[in-house]
Amino acid sequence: MLLKKRHLRTALSLLIVHVCLLSVPLLAQVTSGTITGVVQDATGAVIPGVQLTLINQDQGVTARQTVTNESGLYLFPSLPAATYTVTAELPGFKTHKKTDIKLFVNDRLGLPTIVLEVGSQTDSVTVEAATVQLETVSADRSGVITGTQFPDIRI
């Protein structure tokens, strides 16, 4: 009887360790992306303190807001995959809007430099993306496999 209890405890302990070790890779899965970039004026000087708003076009809601740092850099981390619009605003400059920014899972997307033109706040510039965006920050790439694509995969 004592021997059966020891085997049962050992088996149970091994099972718990096995389950814990299998769940560790799940922690490393990335399900979000990042958008980053820089804001400059027409002379190429960086502009700190620019208010940036990120709008999720798929849902029609403001996803995030941030301000450029002293180097003119901005970062929108941990974003769900979606199509976004970035708006940059600063008093004394025209509002700049870039639409149709497609972010996929695990993307680290570096946007082209936003150049703010001197003007009043009522003036705005809208840029619509017509080219395919490339991930320039890293070489990682991921996507969603549909049910129709799955049978075509050869391992």
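The following exchange asks how the descriptions of this predicted model are reached.

Reader: What should I know about the numbering and the model before I start?
Author: Residues are numbered from 1 along each chain as its sequence is written. This is a predicted model in which local features need pLDDT of at least 70 and side-chain atom pairs count only at pLDDT 80 or more, while totals for chains, interfaces and linings use all residues, and side-chain values use heavy atoms, with hydrogens and water left out.

Reader: How do you know how confident the predictor is along the chain?
Author: The pLDDT is the predictor's confidence in each residue, from 0 to 100. The chain averages 79, and 59% of the residues score at least 70. Among the elements, helix 1 (residues 2-27) has the lowest mean, 57, and strand 2 (residues 51-56) has the highest, 96.

Reader: What makes a stretch of the chain a helix or a strand, and how many are there?
Author: Both are DSSP runs numbered from the N terminus: a helix is H or I over at least four residues, and a strand is E over at least two. The chain has one helix and nine strands. In sequence order the pattern is α-β-β-β-β-β-β-β-β-β.

Reader: Why are strand 1 and strand 4 called a pair?
Author: Two strands pair if DSSP finds at least two bridges between them. Strand 1 (residues 33-41) and strand 4 (residues 73-79) have five bridges and run antiparallel, so they meet the rule of at least two. One of the bridge partners is F76 in strand 4, matched with I35.

Reader: Which strands pair with strand 1 in the parallel sense?
Author: Strand 7 (residues 108-110) is joined to strand 1 by three bridges, and the two run parallel. Here T36 stands opposite G110. Strand 8 (residues 114-116) also pairs with strand 1 in the parallel sense over three bridges, with L116 as the bridge partner of D41.

Reader: Why is T53 called buried, while Q51 is called partly exposed?
Author: Buried means under 20% relative accessible area, exposed means over 50%, and partly exposed is in between, with a 1.4 Å probe and protein chains only. T53 has 10% relative accessibility, so T53 counts as buried. Q51 has a relative accessible area of 29%, so Q51 is partly exposed. T53 is found in strand 2, and Q51 lies in strand 2. Over the chain, buried residues make up 26% of the 155 residues.

Reader: What do Q51 and T53 touch?
Author: A contact means heavy atoms within 4.5 Å. Leaving out residues up to four places away in sequence, Q51 touches Q65, T66, V67, T87, A88 and E89. With neighbours within four places set aside, T53 is in contact with T62, R64, Q65, F76, T85, V86 and T87.

Reader: What makes a group of residues a nonpolar core?
Author: The group is a set of buried Ala, Val, Leu, Ile, Met, Phe, Trp, Tyr and Cys residues joined through side-chain atoms within 4.5 Å. The largest such core has 21 residues, and those with the most contacts inside it are I35, V39, V50, L52, Y84, I114 and L116. Strand 1, strand 2, strand 4, strand 5 (82-89), strand 6 (95-103) and strand 8 each give two or more residues to this core. The largest share, four residues, comes from strand 5. Beyond four places in sequence, the contacts of V50 include V39 and L116.

Reader: Why is the link between K94 and E117 called a salt bridge?
Author: A salt bridge is a side-chain nitrogen of Lys or Arg within 4 Å of a carboxyl oxygen of Asp or Glu. The closest N and O atoms of K94 and E117 are 3.5 Å apart, so the pair falls within the 4 Å limit. K94 is in the loop between strand 5 and strand 6, and E117 is in the loop between strand 8 and strand 9 (124-128), 23 residues apart. By this rule the count comes to one salt bridge.

Reader: Why are D100 and N106 singled out for their phi?
Author: Most residues other than glycine have a negative phi. D100, not a glycine, has a positive phi of about 60°. N106 is also a residue other than glycine, and its phi is near 70°, a positive value. D100 lies in strand 6, and N106 is in the loop between strand 6 and strand 7. At 30% relative accessible area D100 is partly exposed, whereas N106, at 19%, counts as buried.
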